[in-house]
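Please look through the sequence and the model shown below before reading the report.

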Amino acid sequence: MEPVDRIRGFQSSRAVRLVGAVLGVVITVVVALFVWADRDARIEAARRQSAALAKGADRLLYAELTNLERAARGLASDAGTFAELAPDQLQALIQRATLHTESRHPELTRISLFDASGALIVGDPSNASVPAWERGSGRNPGRLLFGPITALQSQSSVVPLALRTPQNQRLVSGLNLSRFQWMIERLDVGEEGSIAVLDQGGRVLARYGGRGAYAGRTVAIPASLAKDKAVNVDLVSELDGVKRLAAFSSESGYPFVVVAGISSGEVLGPWRSNAVVATLLALLYWLGLAYLVKRLKQAERARAAILEEFAAQADWLRQAQIAADSGVWRIESDPGLVRISAQAAALFGFARQPDTIPLESFFDRMHPEDRERVAEEFAHARAQGTPFHSEYRILAGDGLERWISARGAMVGDGRGQGYMAGTIVDITDRRRQEDHLQQVRLQAQELFERNPLPFWVFDWETLRFLAVNEAAVRSYGYSREEFLQMTILDIRPSRDAQNVRDSLLKALEPAESKRIWIHLTKDNKIISALVHSSTIVFDGREARLVLAEDVSERVAFQKELSWRATHDVTTDLLNLPALIDFLDDTQRTSQNSSYAICYVQLRDFDLVAPTLGRLVSNKILQECARRFGAVSASHGFVAYHPADAFVIAALDTTRIEGLVESLKAAIVQPFENEDGGIYPLEAWIGVARGPTSGETAENVIGHAALAALRARREELPALDYDNSIGEEASRRIDLLSTLRLAFERREFELFFQPIHRIADGRIVCLEALLRWPQRDGSFIPPAQFIPLCEESGLIVPMGAWVIEQAARAHGELTAHGRGEVAIAVNVSAVQFMADSLPDSIRHLRSRFNLPKSALHIELTESALLRRPDAVRALMDGLRMEGVCISIDDFGTGFSSMAYLRDLPLDYLKLDRSFVRDVDCDARNASICKALIALAHGLGLQVIAEGVETEGQLAWMRDNNCDHAQGYLLGRPTRLSDLVASWPSNARKAG
């Protein structure tokens, strides 16, 4: 065995060295590749970052210049409009518009406006004439032109700008370069990075990053930028000598170039540190491998010495004493041979005679599952000189499996040498019995210990624990020793002691308790347990085997589900279905019971969460729940109805007035937040009593909710329900249903009322008015169904239908030779903000071949006050389509001079409330005079609505009102009737 062991040891050491070297090479290569890939990744990331910075700054530049271009176009357009509508006030209006533009765009300086001949209209007197560079730039109306920069001493230098209008007017200004500097200084380029704005020649207009001032210096621009618009270049800065990963971008379309650069030193600094660390780790691995190889060589030499000593001892073995009739054996001088007795040979299935056989033949007869173990035990005994004892299975030649008990020991032969000898005994019958008993015990113990549920056995008489499994120890916190000193009463509440004893007397076999028992852990934690038990005999005494299933989570979950089914999580109050069930149950059990409902509707609470946050919203709800709960404590019950209503049920209807007053007092106190913020609470209270015959609690609560809605509309703090409220709600629902059906069936009609020009009495426009005819020949007033249309969203498709019918009507006017007469359409605020009117009108113009001035749009002031920027954009789109825009019912709302000044309007319509009695009421006359003067001052024309008498018409004529509309001049009628009676309608207003 010595040569074999030496060869194995040598091979093992050699394999370690070889594997270590190969692994070292692989690790070194992988680390090198990783370090290099990390370098490439960092450089690529820096290039992407510089490209993103350049493109982002370029987009900012494009947005800024586009905004300036729109402002310049708007100023030029206003100048054209002023010249057409108010030439006598042109200078003042343009001057005001210029100042307004400069206030909104402080980066623009010295704005001047020249007419087509080059004469200065308004602006900086130093700009006496159109710059020469603009005169030679060619015509490009509506686009900004950039002139040469004469000097760049500082960031306050100016880029000359110019813009031509379609009327060949010139708008000249200057752009302060500090605006470019402001845009790029907010970008993160690192400590050594930079970002700059260049002109097309490479001059630095603005720069951020680096050290020093570089405005006016010139850098090279890649030639490929003219083709690709975005280029990445690795370069050394011509300005400060820093090596950077740079990106150039000129995608804005303006004569500027943005260049952004990330410092290579900043990018590769961390990489160099990582490369040094990786190199040190690889070197450390090779030093460790060298040390390991050295230690393996030392271990090989020591192992060889031990094997030589073992071989010497093996030669000293002598014959052992032959044991009894069971069979004996001994190791011969040749360690590979064993001498056995005839009985031993028979046990192993060899020929029944003494013989010397190879040791390997013994092991070959052993069961494969035992062979390796026995070989290790035998080798250990021989190597250590200790007694050998092992029990194992053999597969004899007769095909039977036997159990053998082998014993052996080292003995001496009297000559200073020793050998191993011993006996073997057939223990098959004993082992089979022991294995069976052991298997039964192990299975029982495994079932007991491995059960995932707490399992224990307790004495029937003393109630003391006799055994517990690991799950019980883990769940209850007591050690096994502590359990065995306790009784089952120690894990129960003291009040349950008698119940536990009673349950033992009543228990069946096996017993499963339907009751949930309360158990206590060592730290007094409560466990809800479902107990399964059976009577057994344990160690000769009657005992009880118990399995305790922890159902605490299930019980808690069921309680939680039950609570959630009847309560609101945020407020901890009853939910509405639970309150309804309770009141209905009370009504069924007591036929004479009545109650009152207070429905508290919070005002604008749906805005709290989006503005103040969900946390503050929940705190307000919880505070309301606390207040209303305190108020209702002496009256009945309170429930919460998401998302903004509380329902209080008062069981004593005689005290309802006091309850309402208490609720008002609770509401009037504002909510104070922890951060010091104060939120005022406002609400409407609807009160309903019931139930009457056939009513449920849901009906009564619904009545209270309707009363709260009526109180909201009428701005009352509280209101009692009566039948008229329910009837009105039913009528509104019926009317809305009928309204939708009528729209689907196209039951609506357009009537038209003429608008006359007062100066000559000619009809210049027809206002389209929506009518809903009924079968009896009557009409439902628009004041009833238009608000319903707006609330239900039907106003948008209905408004689109009205505009389409108006366009169709203009086609009929054109066919009758009245194409110069426009059609005016009222557009609600909802439709104006929800629909794309410019696109719709463009489509209708194309479809019906309408001229640009065919359609007028009438808007209310409420439409103009919503989202001013979006309103301006929509109105600009309408003006581009040639649509005239009027303000309807002017003066009746929250009028603002700002929109009259800024928005593109054409007409202002005086509300009929001002026109009525204007010829005999000095106050009305004063208001109308002021409004007419205001409109004319802003270049708007005025239409007087509701002119019904000759006196009113004469007053309007005398006070320079432009147009009139009313029953005196023509009532609303169908288009066919209007066209048929046209000559009579075209009465002279003068």
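The report covers two sheets, the helices that lie on them, and one pocket.

## Basis of the description

The structure is a predicted model, and the features below should be read with that in mind.

## The sheet around β1

An open sheet of five strands follows the order β2-β1-β5-β4-β3, and its pairing is antiparallel. At its edges stand β2 and β3 (144-146), each with a single partner strand, so that one side of each is left without a neighbour in the sheet. Averaged over the sheet and with direction ignored, neighbouring strands are turned by 30 degrees against each other. Helix α2 (residues 90-104) packs on this sheet, where it touches β1 and β2, and its direction makes about 155 degrees with that of β1.

Strand β1 (residues 108-114) has five buried residues out of seven, and it is therefore largely enclosed by the rest of the structure. It runs antiparallel to strand β5 (residues 170-176), to which five bridges join it; Leu108 has Leu175 as its bridge partner in β5, and Thr109 stands opposite Gly174 of that strand. With strand β2 (residues 120-122), also antiparallel to β1, there are two bridges, and here Leu113 faces Val122. β1 and β2 form a hairpin with five residues between them, and in the turn Gly118 has a positive phi of about 95 degrees.

## The six-stranded sheet

Six strands, in the order β22-β24-β25-β23-β28-β29, make up an open sheet in which the pairing is mixed. The edges are held by β22 (574-575) and β29 (718-720), each of which has a single partner strand, so one side of each is left without a neighbour in the sheet.

Within this sheet, strand β24 (residues 636-641) pairs with strand β25 (residues 645-650) in the antiparallel sense over six bridges, and His641 stands opposite Ala645 in β25. Helix α18 (residues 656-668) lies across β23 (595-602), β25, β28 (683-690) and β29, and runs at about 165 degrees to β28.

## The second largest pocket

The second largest pocket holds about 1,000 Å³ of space. It is lined by 38 residues, of which Leu769, Pro782, Ile786, Asn826 and Asp888 are the closest to its centre.

At least two residues of this lining come from each of the strands β30 (749-757), β31 (763-773), β33 (822-827), β34 (855-859) and β35 (884-890), and likewise from each of the helices α21 (782-792), α22 (795-815) and α23 (829-834). By residue class, the lining of the second largest pocket divides into 18 nonpolar, ten polar and ten charged residues.

Definitions and conventions. Residues are numbered from 1 along each chain as its sequence is written. This is a predicted model: local features need pLDDT of at least 70, side-chain atom pairs count only at pLDDT 80 or more; totals for chains, interfaces and linings use all residues. Side-chain values use heavy atoms; hydrogens and water are left out. Two strands pair if DSSP finds at least two bridges between them. Helices (H or I, at least four residues) and strands (E, at least two) are DSSP runs, numbered from the N terminus. Contact means heavy atoms within 4.5 Å. Axes are lines fitted to C-alpha atoms, for helices over the stretch in contact, and angles run from 0 to 180 degrees between N-to-C directions. On a 1 Å grid over the protein atoms alone, a cavity is a set of points where a 1.4 Å probe fits but cannot get out, and a pocket is an open set with protein on both sides within 12 Å along at least five of seven lines; lining residues have an atom within 4 Å of a point. Grid points are joined across faces, edges and corners, and a volume is the space filled by probe spheres set on the points. Ala, Val, Leu, Ile, Met, Phe, Trp, Tyr, Cys and Pro count as nonpolar, Asp, Glu, Lys and Arg as charged, and the others, Gly among them, as polar. Buried means under 20% relative accessible area, exposed over 50%, partly exposed in between (1.4 Å probe, protein chains only).
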